[in-house]
Amino acid sequence: MVRCGGELMEEEDDDEYAKLVRRMNPPRVVIDNDSCDSATVIRVDRVKKHGILLEAVQVLVDLDLVITKAYISSDGNWFMDVFNVTDQDGSKLQNREVIDRIQKCLESEDYLVPPAIGSTDGSVMPEDQLFTSIELTGMDRPGLLSEVCAVLAALNCNIVKAEVWTHERRAAAVIQITDEATGLAIRDAGRLSKVQELLCNVMQGDGACAPGGCAAAQKGSSSTGVSVGAAHAERRLHKLMLEYGGGGGEEERGGNGKVRPKAAKVVVMDCTERRYTVVILRCKDRPKLLFDTLCALTDLHYVVFHGTVDAEGASKEAYQEYYIRHVDGHPVRSDAERARLVRCLEAAVERRASDGLELEVRTEDRVGLLSQITRVFRENSLSIIRAAISTRDAKAKDTFYVSDAYGNPVDGRTMDAVGEQLGHAVLKVKRGGQDASVKPVAEGGAVSVLGSLLKGSFQGLRLIRSHS
(Lines give C-alpha, C1' and ligand atoms only; values in the text may rest on other atoms or scores of the structure.)
Protein backbone atom coordinates (compact mmCIF):
# COMPACT_ATOMS: atom_id res chain seq x y z
CA MET A 1 0.00 0.00 0.00
CA VAL A 2 1.37 3.43 -0.96
CA ARG A 3 0.02 6.62 0.57
CA CYS A 4 0.41 9.95 -1.18
CA GLY A 5 1.85 13.22 0.02
CA GLY A 6 5.16 11.92 1.25
CA GLU A 7 3.63 9.25 3.49
CA LEU A 8 5.47 6.03 4.13
CA MET A 9 5.24 3.36 1.47
CA GLU A 10 4.18 0.17 3.27
CA GLU A 11 5.53 -2.81 1.39
CA GLU A 12 7.73 -5.82 1.73
CA ASP A 13 11.15 -5.03 0.32
CA ASP A 14 11.44 -8.34 -1.49
CA ASP A 15 7.92 -8.95 -2.82
CA GLU A 16 7.42 -9.28 -6.56
CA TYR A 17 5.40 -6.09 -6.93
CA ALA A 18 8.15 -3.99 -5.31
CA LYS A 19 10.77 -5.58 -7.56
CA LEU A 20 8.61 -4.89 -10.62
CA VAL A 21 8.19 -1.23 -9.65
CA ARG A 22 11.94 -0.82 -9.24
CA ARG A 23 12.64 -2.51 -12.58
CA MET A 24 10.17 -0.21 -14.33
CA ASN A 25 11.76 2.83 -12.68
CA PRO A 26 15.53 2.35 -12.91
CA PRO A 27 17.72 4.60 -10.75
CA ARG A 28 19.27 7.73 -12.16
CA VAL A 29 22.78 8.68 -11.05
CA VAL A 30 24.50 11.93 -12.05
CA ILE A 31 28.15 12.57 -11.10
CA ASP A 32 29.12 16.23 -11.49
CA ASN A 33 32.61 17.70 -11.08
CA ASP A 34 31.73 21.21 -12.28
CA SER A 35 28.99 22.63 -10.07
CA CYS A 36 31.00 22.70 -6.82
CA ASP A 37 34.53 24.03 -6.39
CA SER A 38 35.49 21.84 -3.42
CA ALA A 39 33.77 18.49 -4.02
CA THR A 40 32.31 16.09 -6.56
CA VAL A 41 28.51 16.14 -6.49
CA ILE A 42 26.67 12.83 -6.79
CA ARG A 43 22.89 12.82 -7.24
CA VAL A 44 20.93 9.59 -6.86
CA ASP A 45 17.23 9.22 -7.76
CA ARG A 46 15.66 5.83 -6.92
CA VAL A 47 12.39 4.16 -6.03
CA LYS A 48 12.14 4.12 -2.25
CA LYS A 49 12.68 1.02 -0.16
CA HIS A 50 13.64 0.63 3.48
CA GLY A 51 17.39 1.04 4.00
CA ILE A 52 18.13 2.38 0.53
CA LEU A 53 19.75 5.56 1.87
CA LEU A 54 22.13 3.50 4.01
CA GLU A 55 22.99 1.31 1.02
CA ALA A 56 23.97 4.35 -1.07
CA VAL A 57 26.16 5.72 1.73
CA GLN A 58 27.73 2.28 2.21
CA VAL A 59 28.83 2.23 -1.43
CA LEU A 60 30.59 5.57 -1.00
CA VAL A 61 32.34 4.81 2.30
CA ASP A 62 33.45 1.38 1.06
CA LEU A 63 35.32 3.25 -1.68
CA ASP A 64 37.05 5.35 1.03
CA LEU A 65 35.26 8.53 -0.03
CA VAL A 66 34.56 11.37 2.39
CA ILE A 67 31.00 12.74 2.43
CA THR A 68 31.19 16.44 3.32
CA LYS A 69 27.55 17.36 2.64
CA ALA A 70 24.33 15.50 1.91
CA TYR A 71 20.76 16.48 1.10
CA ILE A 72 18.00 13.89 1.43
CA SER A 73 14.44 14.24 0.19
CA SER A 74 11.57 11.90 -0.68
CA ASP A 75 8.20 12.35 -2.32
CA GLY A 76 5.71 9.49 -2.30
CA ASN A 77 7.51 6.35 -3.44
CA TRP A 78 10.56 8.14 -4.89
CA PHE A 79 13.61 9.48 -3.11
CA MET A 80 16.50 11.74 -4.12
CA ASP A 81 19.90 12.11 -2.44
CA VAL A 82 22.67 14.57 -3.20
CA PHE A 83 26.15 13.87 -1.82
CA ASN A 84 29.20 16.13 -1.91
CA VAL A 85 32.21 13.82 -1.76
CA THR A 86 36.01 14.02 -1.89
CA ASP A 87 38.84 11.53 -1.72
CA GLN A 88 40.86 11.06 1.46
CA ASP A 89 43.08 14.02 0.51
CA GLY A 90 40.10 16.38 0.24
CA SER A 91 40.24 16.56 -3.56
CA LYS A 92 37.55 16.05 -6.16
CA LEU A 93 37.26 12.64 -7.78
CA GLN A 94 39.40 12.47 -10.92
CA ASN A 95 40.01 8.73 -11.23
CA ARG A 96 37.80 7.54 -14.08
CA GLU A 97 37.76 3.98 -12.75
CA VAL A 98 36.42 5.14 -9.37
CA ILE A 99 33.78 7.32 -11.00
CA ASP A 100 32.62 4.48 -13.24
CA ARG A 101 32.51 2.13 -10.24
CA ILE A 102 30.26 4.56 -8.35
CA GLN A 103 27.96 4.93 -11.35
CA LYS A 104 27.71 1.18 -11.86
CA CYS A 105 27.13 0.35 -8.20
CA LEU A 106 24.48 2.98 -7.55
CA GLU A 107 22.59 2.17 -10.73
CA SER A 108 22.50 -1.57 -10.00
CA GLU A 109 19.67 -3.20 -8.07
CA ASP A 110 22.07 -5.66 -6.41
CA TYR A 111 25.14 -3.45 -6.11
CA LEU A 112 25.94 -4.66 -2.59
CA VAL A 113 26.19 -8.33 -3.62
CA PRO A 114 29.87 -9.41 -3.35
CA PRO A 115 31.45 -9.78 -6.81
CA ALA A 116 32.51 -13.14 -8.17
CA ILE A 117 36.25 -13.78 -8.33
CA GLY A 118 38.31 -16.51 -9.94
CA SER A 119 39.11 -19.65 -7.94
CA THR A 120 42.29 -21.65 -8.17
CA ASP A 121 40.86 -24.02 -10.78
CA GLY A 122 39.89 -21.20 -13.12
CA SER A 123 36.15 -21.34 -12.39
CA VAL A 124 34.21 -18.41 -10.98
CA MET A 125 33.29 -18.66 -7.32
CA PRO A 126 31.40 -16.03 -5.28
CA GLU A 127 33.79 -14.28 -2.93
CA ASP A 128 31.65 -15.01 0.13
CA GLN A 129 32.01 -18.77 -0.44
CA LEU A 130 35.79 -18.61 -0.01
CA PHE A 131 35.53 -18.15 3.76
CA THR A 132 33.40 -19.06 6.74
CA SER A 133 31.95 -16.20 8.75
CA ILE A 134 31.71 -16.22 12.54
CA GLU A 135 29.67 -13.66 14.50
CA LEU A 136 30.28 -13.30 18.23
CA THR A 137 28.76 -11.23 21.01
CA GLY A 138 29.42 -11.32 24.74
CA MET A 139 30.57 -9.35 27.74
CA ASP A 140 33.97 -7.76 27.17
CA ARG A 141 36.95 -8.61 29.32
CA PRO A 142 40.74 -8.34 29.01
CA GLY A 143 42.19 -11.14 26.89
CA LEU A 144 38.90 -12.05 25.19
CA LEU A 145 40.19 -11.67 21.62
CA SER A 146 43.33 -13.59 22.55
CA GLU A 147 41.23 -16.52 23.76
CA VAL A 148 39.12 -16.48 20.58
CA CYS A 149 42.23 -16.44 18.38
CA ALA A 150 43.82 -19.26 20.37
CA VAL A 151 40.75 -21.47 19.92
CA LEU A 152 40.68 -20.87 16.16
CA ALA A 153 44.41 -21.53 15.83
CA ALA A 154 44.07 -24.79 17.75
CA LEU A 155 41.30 -25.86 15.36
CA ASN A 156 43.52 -25.15 12.33
CA CYS A 157 41.45 -22.14 11.26
CA ASN A 158 43.16 -19.19 9.61
CA ILE A 159 41.74 -15.71 10.30
CA VAL A 160 41.78 -13.78 7.02
CA LYS A 161 39.69 -10.80 8.10
CA ALA A 162 38.02 -9.59 11.28
CA GLU A 163 36.35 -6.57 12.85
CA VAL A 164 36.04 -6.36 16.63
CA TRP A 165 34.15 -3.65 18.54
CA THR A 166 33.62 -3.03 22.24
CA HIS A 167 31.31 -0.55 23.93
CA GLU A 168 29.92 -0.27 27.46
CA ARG A 169 31.56 -3.54 28.51
CA ARG A 170 30.05 -5.44 25.58
CA ALA A 171 31.96 -6.97 22.67
CA ALA A 172 30.98 -7.99 19.15
CA ALA A 173 33.07 -9.50 16.36
CA VAL A 174 32.69 -10.60 12.76
CA ILE A 175 35.51 -12.97 11.82
CA GLN A 176 36.19 -14.57 8.45
CA ILE A 177 38.14 -17.82 8.58
CA THR A 178 39.42 -20.44 6.15
CA ASP A 179 40.66 -23.98 6.54
CA GLU A 180 44.42 -24.01 7.13
CA ALA A 181 44.96 -26.87 4.69
CA THR A 182 42.78 -25.78 1.74
CA GLY A 183 42.57 -22.00 2.19
CA LEU A 184 38.82 -22.21 1.50
CA ALA A 185 35.64 -22.05 3.54
CA ILE A 186 35.02 -24.77 6.12
CA ARG A 187 31.89 -26.74 5.19
CA ASP A 188 32.09 -29.84 7.38
CA ALA A 189 29.08 -29.65 9.71
CA GLY A 190 30.78 -31.53 12.53
CA ARG A 191 33.82 -29.28 12.49
CA LEU A 192 31.71 -26.12 12.35
CA SER A 193 29.70 -27.37 15.31
CA LYS A 194 32.93 -27.87 17.26
CA VAL A 195 34.09 -24.33 16.37
CA GLN A 196 30.78 -22.92 17.53
CA GLU A 197 30.77 -24.93 20.76
CA LEU A 198 34.27 -23.90 21.82
CA LEU A 199 33.80 -20.24 20.89
CA CYS A 200 30.52 -20.21 22.77
CA ASN A 201 32.35 -21.44 25.87
CA VAL A 202 34.80 -18.55 25.47
CA MET A 203 32.12 -15.90 24.92
CA GLN A 204 29.43 -16.96 27.36
CA GLY A 205 31.03 -15.69 30.55
CA ASP A 206 28.44 -16.41 33.24
CA GLY A 207 25.78 -17.28 30.64
CA ALA A 208 24.85 -20.69 29.33
CA CYS A 209 24.61 -22.31 25.92
CA ALA A 210 21.25 -23.63 24.90
CA PRO A 211 20.96 -26.80 22.82
CA GLY A 212 21.70 -26.08 19.19
CA GLY A 213 23.75 -22.97 19.89
CA CYS A 214 24.05 -20.03 22.28
CA ALA A 215 20.96 -18.23 23.47
CA ALA A 216 21.07 -14.82 21.88
CA ALA A 217 17.64 -13.55 22.77
CA GLN A 218 18.30 -12.82 26.42
CA LYS A 219 19.96 -9.51 27.13
CA GLY A 220 23.47 -10.05 28.37
CA SER A 221 23.77 -13.60 27.05
CA SER A 222 26.50 -14.55 24.63
CA SER A 223 25.88 -15.44 21.00
CA THR A 224 27.94 -17.37 18.49
CA GLY A 225 26.88 -17.85 14.88
CA VAL A 226 28.68 -19.65 12.07
CA SER A 227 27.83 -19.46 8.36
CA VAL A 228 29.46 -19.65 4.93
CA GLY A 229 29.69 -16.12 3.55
CA ALA A 230 28.85 -12.91 5.36
CA ALA A 231 27.14 -9.57 5.06
CA HIS A 232 29.00 -6.27 5.37
CA ALA A 233 31.06 -6.66 8.57
CA GLU A 234 30.59 -3.17 10.02
CA ARG A 235 26.92 -3.25 9.10
CA ARG A 236 26.55 -6.50 11.01
CA LEU A 237 28.51 -5.17 14.01
CA HIS A 238 26.06 -2.31 14.48
CA LYS A 239 23.17 -4.78 14.42
CA LEU A 240 24.89 -7.25 16.74
CA MET A 241 25.68 -4.53 19.29
CA LEU A 242 22.07 -3.33 19.20
CA GLU A 243 20.61 -6.85 19.54
CA TYR A 244 22.98 -7.61 22.40
CA GLY A 245 21.80 -4.59 24.34
CA GLY A 246 24.67 -2.38 23.22
CA GLY A 247 22.39 0.41 22.07
CA GLY A 248 23.21 2.42 25.13
CA GLY A 249 21.60 2.65 28.51
CA GLU A 250 24.60 2.36 30.84
CA GLU A 251 26.81 5.27 31.73
CA GLU A 252 30.30 4.51 30.45
CA ARG A 253 33.00 5.20 33.00
CA GLY A 254 36.73 5.65 32.64
CA GLY A 255 39.40 3.96 34.71
CA ASN A 256 39.03 6.63 37.43
CA GLY A 257 35.34 5.81 37.86
CA LYS A 258 34.12 9.11 36.42
CA VAL A 259 31.34 9.12 33.83
CA ARG A 260 32.77 9.80 30.38
CA PRO A 261 31.18 12.67 28.46
CA LYS A 262 29.05 11.70 25.49
CA ALA A 263 30.74 11.95 22.10
CA ALA A 264 27.57 13.31 20.47
CA LYS A 265 24.80 15.74 21.34
CA VAL A 266 21.45 14.33 20.16
CA VAL A 267 18.13 16.16 20.27
CA VAL A 268 14.80 14.56 19.30
CA MET A 269 11.82 16.88 18.67
CA ASP A 270 8.26 16.61 17.33
CA CYS A 271 7.12 18.13 14.05
CA THR A 272 3.42 17.69 14.78
CA GLU A 273 1.98 19.47 11.77
CA ARG A 274 3.81 17.16 9.33
CA ARG A 275 3.78 14.06 11.56
CA TYR A 276 7.54 13.76 11.55
CA THR A 277 10.06 13.30 14.32
CA VAL A 278 13.06 15.63 13.95
CA VAL A 279 16.48 14.30 14.98
CA ILE A 280 19.43 16.69 15.29
CA LEU A 281 22.92 15.35 15.98
CA ARG A 282 26.13 17.31 16.54
CA CYS A 283 29.57 15.87 17.23
CA LYS A 284 33.17 16.00 16.13
CA ASP A 285 33.42 14.82 12.54
CA ARG A 286 35.21 11.57 11.77
CA PRO A 287 35.32 8.97 8.98
CA LYS A 288 32.14 6.90 8.47
CA LEU A 289 30.08 9.01 10.88
CA LEU A 290 27.13 9.28 8.48
CA PHE A 291 27.23 5.53 7.84
CA ASP A 292 27.16 4.81 11.59
CA THR A 293 24.21 7.07 12.38
CA LEU A 294 22.19 5.73 9.45
CA CYS A 295 22.89 2.17 10.65
CA ALA A 296 21.32 3.08 13.99
CA LEU A 297 18.22 4.62 12.41
CA THR A 298 17.77 1.70 9.99
CA ASP A 299 18.23 -0.97 12.67
CA LEU A 300 15.63 0.80 14.82
CA HIS A 301 13.27 0.65 11.79
CA TYR A 302 13.06 4.37 11.10
CA VAL A 303 12.76 5.82 7.60
CA VAL A 304 14.48 9.11 6.73
CA PHE A 305 12.19 11.26 4.58
CA HIS A 306 14.20 14.46 4.56
CA GLY A 307 17.60 15.37 5.90
CA THR A 308 20.66 17.62 5.79
CA VAL A 309 24.24 16.64 6.60
CA ASP A 310 27.09 19.16 6.84
CA ALA A 311 30.65 18.27 7.81
CA GLU A 312 32.45 21.14 6.09
CA GLY A 313 34.15 24.07 7.75
CA ALA A 314 37.15 24.74 9.95
CA SER A 315 35.34 23.67 13.14
CA LYS A 316 35.51 19.99 12.11
CA GLU A 317 32.06 19.57 13.63
CA ALA A 318 29.42 17.46 11.92
CA TYR A 319 25.77 18.49 11.83
CA GLN A 320 23.03 16.02 10.90
CA GLU A 321 19.31 16.74 10.79
CA TYR A 322 16.69 14.14 9.86
CA TYR A 323 12.91 14.08 9.49
CA ILE A 324 11.92 10.50 10.25
CA ARG A 325 9.02 8.15 10.90
CA HIS A 326 8.90 4.56 12.04
CA VAL A 327 8.29 1.99 9.28
CA ASP A 328 4.67 1.76 10.51
CA GLY A 329 4.18 5.37 9.41
CA HIS A 330 4.13 6.91 12.89
CA PRO A 331 6.56 9.41 14.43
CA VAL A 332 8.08 8.76 17.87
CA ARG A 333 5.14 8.15 20.21
CA SER A 334 6.52 7.94 23.74
CA ASP A 335 9.22 9.31 26.01
CA ALA A 336 10.70 5.81 26.32
CA GLU A 337 11.00 5.48 22.53
CA ARG A 338 12.54 8.95 22.36
CA ALA A 339 15.10 8.11 25.04
CA ARG A 340 16.06 4.85 23.32
CA LEU A 341 16.54 6.64 20.00
CA VAL A 342 18.88 9.14 21.66
CA ARG A 343 20.89 6.41 23.43
CA CYS A 344 21.26 4.32 20.28
CA LEU A 345 22.49 7.27 18.21
CA GLU A 346 24.98 8.21 20.93
CA ALA A 347 26.23 4.61 21.02
CA ALA A 348 26.56 4.46 17.22
CA VAL A 349 28.85 7.51 17.36
CA GLU A 350 30.86 6.33 20.37
CA ARG A 351 31.76 2.88 19.05
CA ARG A 352 34.39 4.42 16.78
CA ALA A 353 35.27 7.40 18.98
CA SER A 354 37.01 5.68 21.90
CA ASP A 355 40.32 6.86 23.26
CA GLY A 356 43.15 4.41 22.89
CA LEU A 357 46.64 3.64 21.77
CA GLU A 358 46.58 2.66 18.10
CA LEU A 359 48.86 -0.20 17.14
CA GLU A 360 49.32 -1.12 13.50
CA VAL A 361 50.97 -4.39 12.50
CA ARG A 362 52.13 -5.11 8.95
CA THR A 363 53.91 -8.36 8.31
CA GLU A 364 53.85 -11.63 6.37
CA ASP A 365 50.73 -13.58 7.25
CA ARG A 366 50.81 -17.05 8.70
CA VAL A 367 48.53 -19.28 10.72
CA GLY A 368 48.64 -18.44 14.42
CA LEU A 369 50.19 -14.98 13.99
CA LEU A 370 47.16 -13.15 15.35
CA SER A 371 46.94 -15.55 18.28
CA GLN A 372 50.57 -14.83 19.17
CA ILE A 373 50.19 -11.05 18.91
CA THR A 374 47.03 -10.89 21.02
CA ARG A 375 48.68 -13.15 23.59
CA VAL A 376 51.48 -10.59 23.98
CA PHE A 377 48.84 -7.90 24.56
CA ARG A 378 47.06 -10.06 27.15
CA GLU A 379 50.26 -10.91 29.03
CA ASN A 380 51.00 -7.18 29.31
CA SER A 381 47.48 -6.40 30.59
CA LEU A 382 46.39 -4.56 27.45
CA SER A 383 42.68 -4.44 26.73
CA ILE A 384 41.61 -4.28 23.07
CA ILE A 385 38.96 -1.60 22.49
CA ARG A 386 38.60 -2.13 18.76
CA ALA A 387 40.41 -4.12 16.08
CA ALA A 388 40.47 -4.43 12.30
CA ILE A 389 42.33 -7.41 10.86
CA SER A 390 42.85 -8.02 7.17
CA THR A 391 45.01 -10.22 4.94
CA ARG A 392 45.81 -9.58 1.30
CA ASP A 393 48.41 -11.23 -0.94
CA ALA A 394 49.85 -13.13 2.06
CA LYS A 395 50.39 -9.85 3.93
CA ALA A 396 48.72 -9.12 7.26
CA LYS A 397 47.58 -5.62 8.16
CA ASP A 398 46.19 -5.49 11.68
CA THR A 399 45.10 -2.40 13.60
CA PHE A 400 44.32 -2.43 17.33
CA TYR A 401 43.10 0.29 19.70
CA VAL A 402 44.17 -0.62 23.22
CA SER A 403 44.09 0.65 26.80
CA ASP A 404 45.23 -0.88 30.04
CA ALA A 405 42.94 -3.34 31.84
CA TYR A 406 41.14 -0.46 33.61
CA GLY A 407 40.51 1.66 30.55
CA ASN A 408 43.41 4.04 31.21
CA PRO A 409 46.10 5.08 28.69
CA VAL A 410 48.99 2.65 28.21
CA ASP A 411 52.10 3.67 30.12
CA GLY A 412 55.64 3.75 28.78
CA ARG A 413 56.86 0.70 30.69
CA THR A 414 54.14 -1.46 29.16
CA MET A 415 55.08 -0.09 25.75
CA ASP A 416 58.69 -1.09 26.32
CA ALA A 417 57.69 -4.58 27.40
CA VAL A 418 55.47 -5.10 24.37
CA GLY A 419 58.25 -3.81 22.13
CA GLU A 420 60.71 -6.29 23.58
CA GLN A 421 58.34 -9.21 23.14
CA LEU A 422 57.62 -8.24 19.56
CA GLY A 423 61.27 -8.92 18.79
CA HIS A 424 63.08 -6.87 16.14
CA ALA A 425 59.98 -5.10 14.75
CA VAL A 426 60.40 -1.38 14.02
CA LEU A 427 58.22 0.76 16.28
CA LYS A 428 56.96 4.32 15.86
CA VAL A 429 55.03 6.29 18.45
CA LYS A 430 53.03 9.38 17.55
CA ARG A 431 52.62 11.90 20.36
CA GLY A 432 51.15 15.33 19.80
CA GLY A 433 51.49 15.03 16.05
CA GLN A 434 55.21 14.20 16.26
CA ASP A 435 56.75 10.81 15.52
CA ALA A 436 59.23 9.53 18.08
CA SER A 437 61.31 6.61 16.86
CA VAL A 438 61.88 3.62 19.08
CA LYS A 439 65.08 1.70 18.51
CA PRO A 440 64.58 -1.85 17.22
CA VAL A 441 65.05 -4.49 19.86
CA ALA A 442 67.83 -6.98 19.23
CA GLU A 443 66.66 -10.35 18.00
CA GLY A 444 66.80 -13.30 20.35
CA GLY A 445 66.37 -13.66 24.10
CA ALA A 446 63.62 -15.24 26.15
CA VAL A 447 61.26 -12.29 25.71
CA SER A 448 61.42 -12.32 21.92
CA VAL A 449 58.20 -14.34 21.54
CA LEU A 450 57.40 -13.10 18.04
CA GLY A 451 60.88 -12.57 16.73
CA SER A 452 60.70 -15.52 14.37
CA LEU A 453 57.27 -14.49 13.11
CA LEU A 454 57.79 -10.83 12.35
CA LYS A 455 60.69 -10.96 9.94
CA GLY A 456 61.01 -7.73 8.04
CA SER A 457 57.77 -6.43 9.52
CA PHE A 458 56.86 -2.83 10.15
CA GLN A 459 54.84 -1.90 13.16
CA GLY A 460 53.58 1.62 13.74
CA LEU A 461 52.05 2.77 17.00
CA ARG A 462 50.21 6.07 17.17
CA LEU A 463 48.80 7.63 20.31
CA ILE A 464 45.65 9.31 19.08
CA ARG A 465 41.97 9.68 19.60
CA SER A 466 40.31 7.23 17.27
CA HIS A 467 38.11 9.89 15.69
CA SER A 468 41.05 12.01 14.57
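Here are some exercises with worked solutions on this predicted model.

**Exercise 1: the aromatic cluster**

Work out which residues form one aromatic cluster, and how the rings in it are arranged.

Solution. Start with the vocabulary: a pair of aromatic rings is described by the distance of the centres and the angle of the planes. The structure holds three aromatic pairs. Take Tyr276 and Phe305: their centres are 5.6 Å apart and their planes make 45 degrees, a tilted pair. Tyr276 sits in strand E14 (residues 276–284) and Phe305 in strand E15 (residues 302–310), so this pair links distant parts of the chain, 29 residues apart.

Next, go from Tyr276 to Tyr323. Here the centres are 6.0 Å apart with 80 degrees between the planes; angles over 60 count as edge-to-face, and that is the label this pair gets. Because Tyr276 belongs to E14 and Tyr323 to strand E16 (residues 317–326), the pair ties together parts 47 residues apart in sequence.

Put the pieces together: Tyr276, Phe305 and Tyr323 make up one aromatic cluster.

Now check the accessibility. Tyr276 has a relative accessible area of 4%, so it is buried, and Phe305 is buried as well. Tyr323, at 26%, counts as partly exposed.

One last look at Phe305: the charged end of Arg325 sits over its ring, 4.8 Å from the centre. Another arginine over a ring turns up elsewhere, with Arg386 lying over the face of Tyr401 at 4.2 Å from the ring centre.

**Exercise 2: a buried aspartate**

Find where Asp299 is placed, and decide whether it is buried or exposed. Then find its polar partner.

Solution. Asp299 is in helix H7 (residues 289–299). Its relative accessibility is 7%, and since buried means under 20%, Asp299 counts as buried. Its side chain makes a polar contact of 2.6 Å with the side chain of Arg235. Setting aside residues up to four places away in sequence, Asp299 touches Arg235, His238, Lys239 and Leu242.

Follow those contacts into helix H6 (residues 233–243), which is mostly covered, with nine of its 11 residues buried. Among the buried ones are Arg235, His238 and Leu242. The cover over the buried residues of H6 includes H7, along with helix H2 (52–62), helix H8 (335–350) and strands E7 (132–139), E8 (157–167) and E9 (170–179). Just after H6, Gly245 takes a positive phi of about 90 degrees.

**Exercise 3: a covered strand**

How many of the residues of E9 are buried, and which strands pair with E9?

Solution. Count burial before anything else: 10 of the 10 residues of E9 are buried. Arg170, Ala172, Val174, Gln176 and Thr178 point one way, while Ala171, Ala173, Ile175, Ile177 and Asp179 point the other way.

Then look sideways. E7 pairs with E9 in the antiparallel sense over eight bridges, and Gly138 stands opposite Ala171. E8 also runs antiparallel to E9, joined by 10 bridges, with Trp165 opposite Ala172. The hairpin of E8 and E9 has two residues between the strands, and in it Glu168 takes a positive phi near 50 degrees.

**Exercise 4: positive phi in loops**

Find where Asn156 and Lys288 lie, and say how exposed each one is.

Solution. The background first: most residues other than glycine have a negative phi. Asn156 has a phi near 60 degrees and lies in the loop between helix H4 (144–154) and E8. At 40% relative accessibility, Asn156 is partly exposed. Lys288 has a phi near 65 degrees and lies in the loop between E14 and H7. With a relative accessible area of 28%, Lys288 is partly exposed.

**Exercise 5: the nonpolar cores**

Which members of the largest nonpolar core touch the most other members?

Solution. This core has 50 residues, and the ones to pick out are Val57, Phe83, Leu294, Leu297, Tyr322 and Leu341. Zoom in on Val57: leaving aside neighbours within four places in sequence, Val57 is in contact with Ile67, Phe83, Leu290, Phe291 and Leu294. A second, separate core holds 41 residues, including Cys149, Ile159, Leu192 and Val402.

Methods
Residues are numbered from 1 along each chain as its sequence is written. This is a predicted model: local features need pLDDT of at least 70, side-chain atom pairs count only at pLDDT 80 or more; totals for chains, interfaces and linings use all residues. Side-chain values use heavy atoms; hydrogens and water are left out. Rings of Phe, Tyr and Trp (its six-membered ring) pair if their centres lie within 6.5 Å; planes under 30 degrees apart count as stacked, over 60 as edge-to-face and the rest as tilted. Helices (H or I, at least four residues) and strands (E, at least two) are DSSP runs, numbered from the N terminus. Buried means under 20% relative accessible area, exposed over 50%, partly exposed in between (1.4 Å probe, protein chains only). A charge sits over a ring if NZ of Lys or CZ of Arg is within 6 Å of the ring centre and within 35 degrees of the ring normal. A nonpolar core is a set of buried Ala, Val, Leu, Ile, Met, Phe, Trp, Tyr and Cys residues joined through side-chain atoms within 4.5 Å. Contact means heavy atoms within 4.5 Å. A polar contact is a pair of N or O atoms within 3.5 Å; within protein, one must be able to donate a hydrogen and the other to accept it, and residues adjacent in sequence count only if both atoms are side-chain atoms. Two strands pair if DSSP finds at least two bridges between them.
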